[in-house]
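User: Could you take a close look at one part of this model for me, the strands in the middle and the loops around them? I'd like one connected walk-through rather than a list.

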Amino acid sequence: MIDKARTLPADQVFLDLEDACAPLAKPDARKTIVASLNEGDWGNRTRVVRVNDWTTEWTYRDVTEVVEGAGANLDCIMLPKVQTPEQVVALDFLITQIEKTMGYEVGKIGIEAQIENALGLNNVNAIATASPRVETIIFGPADFMASINMKSLVVGEQPPGYDVGDAYHYILMRILMAARAHDKQAIDGPYLQIRDVEGYKRVAGRSAALGFDGKWVLHPGQIDAANEVFSPKQDDYDHAENILDAYEYFTSEAGGKRGAVMLGDEMIDEASRKMALVISGKGRAAGMSRSNVWTPPED
């Protein structure tokens, strides 16, 4: 699985010492992860290891063995079940000590904080700013559903009897607002029905529509769906790029130094430019190409 992960069109791969790893297997799994990070070509993928949470007896050994052994080839540590900012601070201190001891660049290894219960959600703003290492806030739906006694066994799906809207909207928006307020990534968690690609798209579409940056995949069969859902539609990408081109022209000397103009049937202004930057940024990150290009009007 690790060898295959190096070949898949995913932006990030995380190697898991937590829920995917049985307690008796964790010591050997740390050694496997160190070897995997130090060997083979990961390309441009972000390399992350999810350690166990601070309420367990495994966390400090997870961090010390992995960072000491492979810190030069590690981008982030993912901390699950984060409940308070102090838990992030503790991880930051531990990583910093290891970096100094091993001669690694201090601060290079980031932290991804996974929100998986009510206390963590209540503290999500403080968690986002607990350390300059924090890069990403992640929603962990399965543990979260269990922690609030949600009446469902299908991770990410609406609980039976809840027919007044989206049961996850408040949770997702709290995480998204904390991430955006502090310039962090917001990532949606897994969809466990790995054969149900349409179900994955439906659930991913919820967080993508709000503005999340991505969603986990648990199986290679979910990757294309994730990339499709979180990339803009071709028409939207073209339109965003055209707004940027048109606005740059019309605000220039040649375009009349105008701040609000018509692009077809649509008025565009500075707010339009900011919105277009979001869509164009996602399209460029996905490697999209324009299918039409706006040109200035002839004199």
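Analyst: In this predicted model, strand β1 (residues 12-16), helix α2 (residues 26-38) and strand β2 (residues 46-50) make up a right-handed β-α-β unit. The chain then goes from β2 through helix α3 (residues 59-70) to β3, and that β-α-β crossover is right-handed too. As for the pairing, β1 and β2 run parallel and are joined by five bridges. If you want a spot to click on, take V13: its bridge partner in β2 is R47. β2 is mostly covered, with four of its five residues buried.

On to the next neighbour. β2 and β3 (residues 76-79) also run parallel, with three bridges between them. Two pairs are handy for lining up these strands: V48 has C76 as its bridge partner in β3, and V49 has I77.

C76 is also a good place to step across to β4, since C76 stands opposite G110 in that strand. Between β3 and β4 there are four bridges, and the two strands run parallel. To get from one to the other, the chain passes through helix α4 (residues 85-102), again in a right-handed β-α-β crossover.

β4 (110-115) deserves a slower look. Six of its six residues are buried. In a regular strand, side chains alternate between the two faces of the sheet. Here, G110, E112 and Q114 point one way while I111, A113 and I115 point the other way, and all are buried. So which strand does β4 pair with besides β3? That would be β5 (residues 134-139), which runs parallel to β4 and is joined to it by five bridges. The I111 position shows you where: its bridge partner in β5 is V134.

Put those pairings into the whole picture and you get an open sheet of seven strands, in the order β1-β2-β3-β4-β5-β6-β7, with parallel pairing. The edges are β1 and β7 (214-215); each has a single partner strand, so one side of each has no neighbour in the sheet.

Now for the loops, and a lysine that turns up in two of the stories. E18 is in the loop between β1 and α2. Why does E18 count as buried? Its relative accessible area is 3%, and the cut-off for buried is under 20%. The side chain of E18 makes a polar contact of 2.5 Å with the side chain of K81. Leaving out neighbours within four places in sequence, E18 is in contact with K26, R50, V51, N52, D53, P80 and K81. R50 is one to pick out from that set, as β2 covers residues 46-50.

K81 comes back with another glutamate. E116 is in the loop between β4 and α5 (118-122). What does E116 lack, although it is buried? A salt bridge: K81 is the nearest side chain of opposite charge, and it is 4.0 Å away. The side chain of E116 does reach the backbone nitrogen of K81, though, at 2.7 Å. So don't mix up the two glutamates when you zoom in, because E18 meets the side chain of K81, E18 itself being buried at 3%, whereas E116 reaches the backbone nitrogen. Not counting residues up to four places away in sequence, E116 touches P80, K81, G140, D143, F144 and S147. P80 and K81 are also on the contact list of E18.

Further along the chain, a few loop residues are out in the open. Most residues other than glycine have a negative phi. D183 has a positive one, near 60°. Where is D183? In the loop between α8 (169-181) and β6 (185-188), and D183 counts as exposed because its relative accessibility is 74%. K257 is not a glycine either, and its phi is positive at about 55°. This lysine is in the loop between α11 (234-250) and β8 (261-263). At 57% relative accessibility, K257 counts as exposed.

R195 is the last stop, in the loop between β6 and α9 (197-210). With a relative accessibility of 70%, R195 counts as exposed. R195 and G221 are 26 residues apart along the chain, and their C-alpha atoms are separated by 7.7 Å.

Key. Residues numbered from 1 in each chain as written. Predicted model: local features only at pLDDT ≥ 70, side-chain atom pairs only at ≥ 80, totals over all residues. Heavy atoms only, no water. Buried < 20%, exposed > 50% of the residue type's maximum accessible area, 1.4 Å probe, protein only. Pairing = 2+ DSSP bridges. Right-handed = clockwise from strand over helix to strand, strands pointing away. Lys, Arg positive; Asp, Glu negative; His and termini not counted. Polar contact = N/O pair within 3.5 Å; in protein donor to acceptor, adjacent residues only side chain to side chain. Contact = heavy atoms within 4.5 Å.
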